[in-house]
Amino acid sequence: MKHFIQFESKDLGEKLLNLALAYKANPRRDDHKGIGKRVGCIFLNPSLRTRVSTQIAAQHLGMEAMVLNMDKEGWALEMQEGAIMNKGSVEHIKDAAAVLGNYFDILAIRAFPTLNNKEEDTTDYVLHQFMKYSGVPVVSLESAIRHPLQSLADQITIAECAPVQRKPKVVLTWAPHIKAIPHAVANSFSEWTVGMGHELTIVHPEGYELDPKFTQGATISYDLNKSLQDADFVYIKNWSAFNDYGKILCTDERWMLTEKHLSKSPEAKIMHCLPVRRNVELSDELLDGNRSLVQLQAKNRIYAAQAVLSTMVDSLTGIK
Ligand code: CP
């Protein structure tokens, strides 16, 4: 595995999941593996979980992790090839990426979408510029279109909490939000959940269809109550429209998930990647109640990142 930017295969997904569970059982079992290796965590956007869990994961492996909040502490980056840089931007991404590639063995990048330039966003332009010009392996810490570390943590959580006797029914449900939100978490959750062999229903108001490239193998529905019936896992997430790119088309509060929605789903556990807008996306009673897996998901971010960094260190040192 050279880069970690998306779901690759069920085999690799299961390998990472099992390694993550082994690290969860004994976080320091490979505490010499990363000695002498440095990961640079470059944030072009804010973060709580991704930033801290990736640093802890590196520490568990004996790696050095350095964080650069590029959006606040770095020079303003120019992204366009051939730009005449006579305005606000100070440093071209090709120069910055190459410099960072000289400093680090692995680069980890967070780069959100613009939500107004669909072509640039759907090609994951910024992440690929870092991959192209840094010359070192890259981990996505959430790109314009995917959030694979979150999705790996979510698969760990599902594996830990799934019913023993049957395949779990997993539902991804759209929820309202006050801002236009990226598609990355929903895209990746769909890609990983289907890829790992689970049954997935995605339910949302009309107009909120995700890019079909990410939803192959999932059932798409507009009927919230029907979709939730007998669910084992309900993943709540807002995203803005994809076809009417970056727009908010619906603010209907009936899509805010409450205990009432789950009256026909006694086994349903609820999931959210956090941060969450309480009582906008879902209710306090759900977040604070017994159904909630959100803190477990957040904890599993450490072991997801640890499994990925460990596997990348193996690639750097030629271990298959
Ligand atoms: N879920 C997640 O990625 O959280 P942060 O944005 O705080 O890193």
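Reader: What makes Phe 4, Phe 7 and Trp 192 one aromatic cluster?
Author: Phe 4, Phe 7 and Trp 192 are joined through aromatic pairs. Rings of Phe, Tyr and Trp (its six-membered ring) pair if their centres lie within 6.5 Å; planes under 30 degrees apart are stacked, over 60 edge-to-face, and the rest tilted. The count by this rule is 6 aromatic pairs. Bear in mind that this is a predicted model, where local features need pLDDT of at least 70 and side-chain atom pairs 80 or more, while totals for chains, interfaces and linings use all residues. Residues are numbered from 1 along each chain as its sequence is written, and side-chain values use heavy atoms, leaving out hydrogens and water.

Reader: Why is the pair of Phe 7 and Trp 192 called edge-to-face?
Author: The centres are 5.1 Å apart and the planes meet at 75°, so the pair passes the 6.5 Å limit and the angle is over 60 degrees.

Reader: And why is the pair of Phe 189 and Tyr 235 called tilted?
Author: Their ring centres are 4.2 Å apart, but the planes stand at 35°, so neither of the other labels fits.

Reader: How do you know whether Phe 189 is buried or exposed?
Author: Buried means under 20% relative accessible area, exposed over 50%, partly exposed in between (1.4 Å probe, protein chains only). Phe 189 has 0%, so buried it is. Tyr 235 is also at 0%, so that one counts as buried too.

Reader: What puts Lys 118 over the face of Phe 242?
Author: The rule wants NZ of Lys or CZ of Arg within 6 Å of the ring centre and within 35 degrees of the ring normal. Lys 118 lies at 4.1 Å from the centre of the Phe 242 ring, so the distance part checks out.
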